[in-house]
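Please open the structure in your viewer and keep the sequence panel at hand. The tour below proposes a series of selections.

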Amino acid sequence: MQVYMDNNATTMTDPQVVEAMLPFFSEVYGNPNSLHKFGTASHPAIAKAIDQVYKAVNAADEDDIIFTSCATESNNWVLQSVWVDHILGGDKDHIITTEVEHPSVLSTCKFLEEQGVKVTYLPVNEQGVVEAHTVKSFITDKTALVSVMWANNETGMIFPIEEIGEICREKGVLFHSDAVQAVGKIPVDLQKVHVDFLSMSAHKFHGPKGVGALYIKNSQPLSPLLHGGEHMGGRRSGTLNVPYIVGMGKAIELATENLEETRRKIREKRDRLEDALLELIPDTFTVGDRDNRTPNTILISVRGVEGEGMLWDLNNAAIGASTGSACASEDLEANTVMLAIGADNELAHTGIRLSLSRFTTDEEVDYVIDHFKKAVERLRSISSSYAKVKPTPGGEVRECELH
Ligand code: C6P
């Protein structure tokens, strides 16, 4: 058996999505901007995909959805263009974000700081969530943008986006949310929640890699990031990637059509896995209240066991997991969210992210419970920093200790 438990990094493309995409590689392959029938043949499919995306997030207008190459592009677009439009071309100088955003937000903010923009990186509470009143307290007359993720990729924790959106609306500050880990997993209703810009990525909900979208409320002005042709009404240049756009539309429709039911089923499996690991393996804890988490995510800390060692053992058992964001997996750094919630460096190296999907089976959950436990036992038995659970002379089991 092999088990994929890294669905926050990316997901398997749903076979129904692949099927929907296939004709657009070698049958309907014309450039949608060409005037001949080979080009125009793709127009109904593009219109359908826009319709599928705008309905899935309950946007007010189809024109508010612009396809991009990925969420990294969507995030860069918002941050860099707000800088151009409202800081260079206006009287603002300040952006607010959080310490636990994805690198596509954090690195762009660092770049903007080098250009002279003032950036506030808000701390999170012990749940790994930024609180709405904290956002409010940092907004000034000079704030151009607040950028706060809808759900965190490492913990699955859901942020108070509705409240933050209201605060931004009241204060007249633009609000961007990176909703990559929310769309397709939990309800995202843009008629109920005020957001000016929302980033999405198809490969997080069983669509193809290499396509995303940016929602722009009321099609408000936002300078293009990519200059060139008049694609997408001149807002985002580059020949439209029709097969991938079709795939994103199909994927978001499949992910959201029975969302309540799907969420419940994934959560049941996630909770069973989490309960079993916490019960069977001493000295473990998970980050964040599970009622306020995306239904598929667990960030578990296994005391005395380096995350990389765990990944190695799990990989040997054909289980794919991660220590956090896939983008940061090569530098062997501590889990950023665990550091942000106050874990010390040693503890922050013990985090393992397990993320399920609607394709995860009960057998796979059982397999992971079994092999996770074995991996921890093996690694703790050779860990110099961990005293194994040993029966005391009286026969009782003594608590594990960190030395
Ligand atoms: N997070 C993870 O392992 P792209 O790949 O550009 O479509 O998405 C980037 C991105 C943006 N925001 C959030 C919240 C994300 O989780 C991601 C992708 C993966 O957590 C890969 S680093």
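The stops that follow begin at the ligand and end at a histidine. Please bear in mind that this is a predicted model.

**The ligand and its shell.** Select the ligand and the residues within 4 Å of it. The selection should show 20 surrounding residues, and the closest are Thr 72, Asp 178, Ser 201, Ala 326 and Cys 327. Coloured by class, this shell has 10 polar, 7 nonpolar and 3 charged residues.

**Polar side chains.** Next, display the side chains of Asn 153, Asp 178 and Ser 201. Ser 201 places a polar side-chain atom 2.5 Å from a ligand oxygen atom. For Asp 178, the partner is a nitrogen atom of the ligand, 2.6 Å from a polar atom of the side chain. Asn 153 has a polar side-chain atom 2.9 Å from an oxygen atom of the ligand. Of the 520 Å² of accessible area that the ligand has on its own, the protein covers 93%.

**Origins of the shell.** Now colour by domain: domain 1 (3–9 + 259–381) and domain 2 (15–257) each supply at least three residues to the shell. Then select residues 71–88, helix H5, which gives the most to the shell, with 3 residues.

**His 102.** Finally, select His 102 in the loop between strand E3 (94–98) and helix H6 (103–114). Is His 102 buried or exposed? His 102 counts as buried because its relative accessible area is 18%, and the cut-off is under 20%. Beyond its neighbours within four places in sequence, His 102 is in contact with Thr 72, Met 149, Asn 153, Asp 178, Ser 325 and Cys 327.

Conventions. Residues numbered from 1 in each chain as written. Predicted model: local features only at pLDDT ≥ 70, side-chain atom pairs only at ≥ 80, totals over all residues. Heavy atoms only, no water. Polar contact = N/O pair within 3.5 Å; in protein donor to acceptor, adjacent residues only side chain to side chain. Areas by Shrake-Rupley, 256 points an atom, 1.4 Å probe, with all protein chains shown as cover. Helix = DSSP H or I, 4+ residues; strand = E, 2+ residues; numbered from the N terminus. Nonpolar A, V, L, I, M, F, W, Y, C, P; charged D, E, K, R; others polar. Domains from an automatic or database assignment. Buried < 20%, exposed > 50% of the residue type's maximum accessible area, 1.4 Å probe, protein only. Contact = heavy atoms within 4.5 Å.
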